[in-house]
Amino acid sequence: MKIYVVRPGDTVDTIAASWGISAQSIIYDNQLVYPYPLAVGQALLLSEPSSSDAENPAETPDYSVFAGGYAYPFISRWVLEQTLPYLSDLFVFSYGFTTEGELLPPQLDDTFMITMAKSYGTAPILTLTPFGPTGQFSNYLITQMVNSESARQRLIEELTVQIQERGFEGVDIDFEYILPEDKIPFADFVREVRTAINALGYPVSVALAPKTSDTQTGLLYEGKDYRLLGEAADYVLLMTYEWGYTYGPAMAVAPLNKVREVVEYALTKIPPEKIHLGIPNYGYDWTLPFVKGTSKAVTIGNVEAVQIAITQGSAILFDETAKAPYFNYILEGKTHEVWFEDVRSLSAKFELVKEYQLRGMSYWQIMQLFRANWLLLADTFTIQSS
C-alpha cells in the first residue's frame, strides 16, 4: 500500500486513474463521505494494483507484532467486527475494585466482547483500573488495596475466578496517579497478579505513564518504576500519547520526537520484547487562544477531523518534527486548531516499533473505526495471536 497526499485539483477519480486502481477502493479504504470531496494535504492510503502473476504473490510482512486495542462495553458491534481481525488482544475497559478487594465489573454487560473476540482468534483481556465513586483514578483506593494483604489476595482470587468463568485470557493493570510511597507495593502487587494469572496460562501487562528519566516528577510518574514493573509484568504498555490533551495547549497528541524519548528511556530499563508502543486513535479540536484553566479541547475521531477540514475548506499541514497532521479553521468568528493522526503519522510510529524491535503496539482506543490504520498495520506487520 502507498500513501498519497492530496494536491490542489485532485479528485478521487483522477487519483484512481493515475495509480491504476479503482475509485471505490480509495473511497472504502479511507472512509470517504459522498460525494467524496478531498482536502488539500489529506493523506490517503492507496492499495496497489493486484498482480496477476501467480508466481509473484503479495509478500507477507517479515516483522511480527502483537497488536492490542482498548474498548468500552458500549462499542458498536459493527466497529468491533471491523477491527477484531487486526488485533491480537482486546482490552475490555474496565473492571474496578473496592478497598476490601472486591472485583467490580463494568456497568454494561461485556459478554458479547469476550464472545466476539474469541470468534476472531483475538484474546479478550480484563483491564483492571482503580476508579473511585466519581469515575476518576483514585490513589486512595490504590493505597488501601496494595498495602493490605487480605485485599490483594481477595482481588487476585476474584480475578482468577472471573477469568476461569468468563473466558478472559489475561489481565491488564492500568493504575494511574500512584503515590510515590506506593511504588514498591504496587510493583509487588503486579508480580503477585502475574504469578496467579500465569498459573492459568495467561499473561499480565501493565500500563506505564510516559517517563523520560528516573527522576521525573509528577503524580503520573513517581509511582511508576519502569525497571520494577518491567520485571513484574509479562509486558508493558507505554502510554505515549496525551501531550496534546483536553486541558492543555494545542499540539500533537503523540509527537514522534517526544514518543521516541520515552521509548529510548524505557529501553534502558525494560527489554524491547516486553514493550508495547501506545498509539492514540483520536485527535483534538481546540478553540484559540488557549487559556490555562479555562480552555477545553473537544475529542474527535481521525476520520471526523478530515471531514472538518473538508467542510471548512482548510488545507491539512504536516509537522515534520512531531510527524503529525494539523489544520486551522474559523467558525463563528473563533479560530480552531485541530491535531489528529493519519496514515503518515501512524507509519512513522510503526517505523519506530521496527527500529527498536518492540513487541508491538496497543491502541487507546478503538471505539471509532479508522480503517486506513488497520489496513496499513496489516500491510506493515504480521499480527501475532496471543
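**Group meeting talk: a predicted model, from Gly360 outwards**

I will start with one residue: Gly360 is found in strand β16. Strands here are DSSP runs of E with at least two residues, helices are runs of H or I with at least four residues, and both are numbered from the N terminus. Before going on, two points about the source. Residues are numbered from 1 along each chain as its sequence is written, and side-chain values use heavy atoms, with hydrogens and water left out. The model is predicted, so local features need pLDDT of at least 70 and side-chain atom pairs count only at pLDDT 80 or more, while totals for chains, interfaces and linings use all residues.

Back to the glycine. Is Gly360 buried or exposed? Gly360 is buried, with a relative accessible area of 0%. Buried means under 20% relative accessible area, exposed means over 50%, and partly exposed is in between, using a 1.4 Å probe and protein chains only. Beyond its neighbours within four places in sequence, Gly360 is in contact with Val65, Phe66, Ile275, His276, Leu277 and Val353. Contact means heavy atoms within 4.5 Å. The C-alpha atom of Gly360 is separated by 19 Å from that of Glu242, and the two residues are 118 apart along the chain.

Glu242 brings me to the largest pocket. That pocket holds about 990 Å³ of space. It is lined by 29 residues, and the closest to its centre are Phe137, Glu176, Tyr177, Glu242 and Trp364. By class, the lining has 19 nonpolar, seven polar and three charged residues. Nonpolar covers Ala, Val, Leu, Ile, Met, Phe, Trp, Tyr, Cys and Pro; charged covers Asp, Glu, Lys and Arg; the others, Gly among them, are polar.

For the terms: on a 1 Å grid over the protein atoms alone, a pocket is an open set of points with protein on both sides within 12 Å along at least five of seven lines, a cavity is a set where a 1.4 Å probe fits but cannot get out, and lining residues have an atom within 4 Å of a point. Grid points are joined across faces, edges and corners, and a volume is the space filled by probe spheres set on the points.

How many cavities of 30 Å³ or more does the structure hold? The structure holds one. The largest cavity has a volume of about 150 Å³. Its lining has 16 residues, with Asn30, Gln42, Ala43, Val306 and Phe370 nearest the centre. Helix α10, residues 302-312, gives the largest share of that lining, four residues. The classes are nine nonpolar, five polar and two charged.

Next, the helix pairs. The axes of α6 (residues 149-166) and α7 (residues 183-198) come within 10 Å and cross at roughly 35°. Axes are lines fitted to C-alpha atoms, for helices over the stretch in contact, and angles run from 0 to 180 degrees between N-to-C directions. The crossing of α6 and α7 is right-handed, meaning that the near helix is turned clockwise from the far one by less than a right angle; anticlockwise would be left-handed. On the α6 side, the contact includes Leu155, Leu159 and Ile163. An α-helix has 3.6 residues a turn, so residues three or four places apart point the same way. On the α7 side, the contact is made by Phe189, Glu192, Val193, Ala196 and Ile197.

The second pair is α11 (residues 343-355) and α12 (residues 371-380), whose axes come within 10 Å and cross at roughly 30°. This crossing is right-handed too. Val343, Leu346, Ser347, Phe350 and Lys354 of α11 meet Ala372, Asn373, Leu376, Leu377 and Thr380 of α12. That contact has six nonpolar, three polar and one charged residues.

Helix α11 also has to do with α9, residues 256-266, whose buried residues are Leu256, Val259, Val262, Val263, Tyr265 and Ala266. They pack against α8, β9, β10 and α11.

Last, some backbone details. Which residues does a cis peptide bond with omega about 5° join? That bond joins Tyr34 and Pro35, and Pro35 sits in the loop between α2 and β2. The bond from Trp364 to Gln365 is also cis, with omega near -10°. Lys323, which is not a glycine, has a positive phi near 55° and is partly exposed, at 27% relative accessible area. Glu332 has a positive phi of about 55° and is exposed, at 78%.
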